[in-house]
Amino acid sequence: MSYQHLPKLDLHCHLDGAVRPETLVALAAEAGLSWPPDAASRCRVAATCRSLPEFLKTFEFFLPALGSRAGLRRAALELCRDMKADGVIYFEARFSPTLWVDAGFAPEEAVEGALEGLRKGEAETGVKSGLILCGIRNFPPERTLVAAKLAYKYRDRGVVGLDIAGDERSPLAAHREGFAEARKLGVPITIHAGEAGPASNVREALEFGATRIGHGVHVVEDPAVLAEAVKRGATFEMCLTSNLMTHSVDQMANHPFAQFLRDGVRVTLNTDDPGVQGSTLTQDFERAEKELGLGKPELKRAVLHAVDAAFASESTRASLRARIEEGWR
Ligand code: ADE
Ligand code: ZN
């Protein structure tokens, strides 16, 4: 069946990884960057990609084009339109506002550009959203602290949480201060862990205060960590297409999503980087049905897990829950 017109949530979507390639090409031209003729295809992950570090290389190519207030505003607005077309009624977009500090583009400007786009997008499409700010594991830890402080500063203007993304070979421990600050200020925390790295990274993320884990597929390798995550009521933000592209799982049949869902683990289905992957959330729902054998009642449960875990007010979650119940009847 098609899941496109069923109401869905996307809690794990990178704003920079969601930009349409043609928009990046246009932004590069506006910025006066001289991009090669094959630039649009270089904004997508190559079919030969075999690892998370290789996957992340794609971002290095196009990120210079996105480093402006107008660029982030446009990216966020178009993301609302793309989500609307895909049947998404609420999403949380994330990005690192400190990516362009060396180029002189201020983190506050980046946050404000993204928020302006999300606000305009909600007014136009009715799609609700929140913004999560990220540190990057393999970047200076001071930037994670900057992201934590900005998440607090902009908490009443649409920023809903703190994350850390990037190369999982770089230790989370270096970013302790940023997450301590977030916990102190009451900023909700999600952390990429157990994607390309081991189950112990998931334990560490829980200890850092994460109530949601980005991916976490490798948690299956340590039942004690999985039990700890379940005991704490943590939610896993899983992304099927992304996990295949980064080879976090070797084949879909080995993805833990279906088993987790059947075992009552709080799992959700998300895009990760729809622009870079050339994928949609609907495609991942259809993959879950065709390749993992999940049916509509089970997938509805995953959407309701996302409602429960959304970094949104109880009244927003109640209204999302009602719309899911109505739409998936
Ligand atoms: N940045 C964008 N996509 C990512 C992923 N899947 N893991 C870590 N960092 C990311
Ligand atoms: Zn991610």
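Visitor: What makes Glu195 a polar contact of ligand 1?
Guide: A nitrogen atom of ligand 1 is 2.7 Å from an N or O atom in the Glu195 side chain. A polar contact is a pair of N or O atoms within 3.5 Å, so this pair qualifies. The model is predicted: local features need pLDDT of at least 70, side-chain atom pairs 80 or more, while totals for chains, interfaces and linings use all residues. Residues count from 1 along each chain, chains are lettered from A and ligands numbered from 1, both in written order, and side-chain values use heavy atoms, without hydrogens or water.

Visitor: Which other side chains offer an N or O atom to a nitrogen atom of ligand 1?
Guide: Asp273 does, at 2.7 Å. His14 does too, at 3.5 Å. The protein covers 96% of the 260 Å² of accessible area that ligand 1 has on its own (Shrake-Rupley method, 1.4 Å probe).

Visitor: Which helix gives the largest share of the shell around ligand 1?
Guide: Helix 3, residues 52-66, with four residues. Helices are DSSP runs of at least four residues, strands of at least two.

Visitor: Why is the pair of Tyr3 and Trp328 called tilted?
Guide: The centres lie 5.8 Å apart and the planes differ by 45 degrees. Rings pair within 6.5 Å; under 30 degrees is stacked, over 60 edge-to-face, the rest tilted, so this pair is tilted. Tyr3 precedes strand 1 (8-14) and Trp328 follows helix 15 (314-327), so the pair ties together parts 325 residues apart in sequence.

Key. Polar contact = N/O pair within 3.5 Å; in protein donor to acceptor, adjacent residues only side chain to side chain. Phe/Tyr/Trp six-rings, centres within 6.5 Å; stacked < 30°, edge-to-face > 60°.
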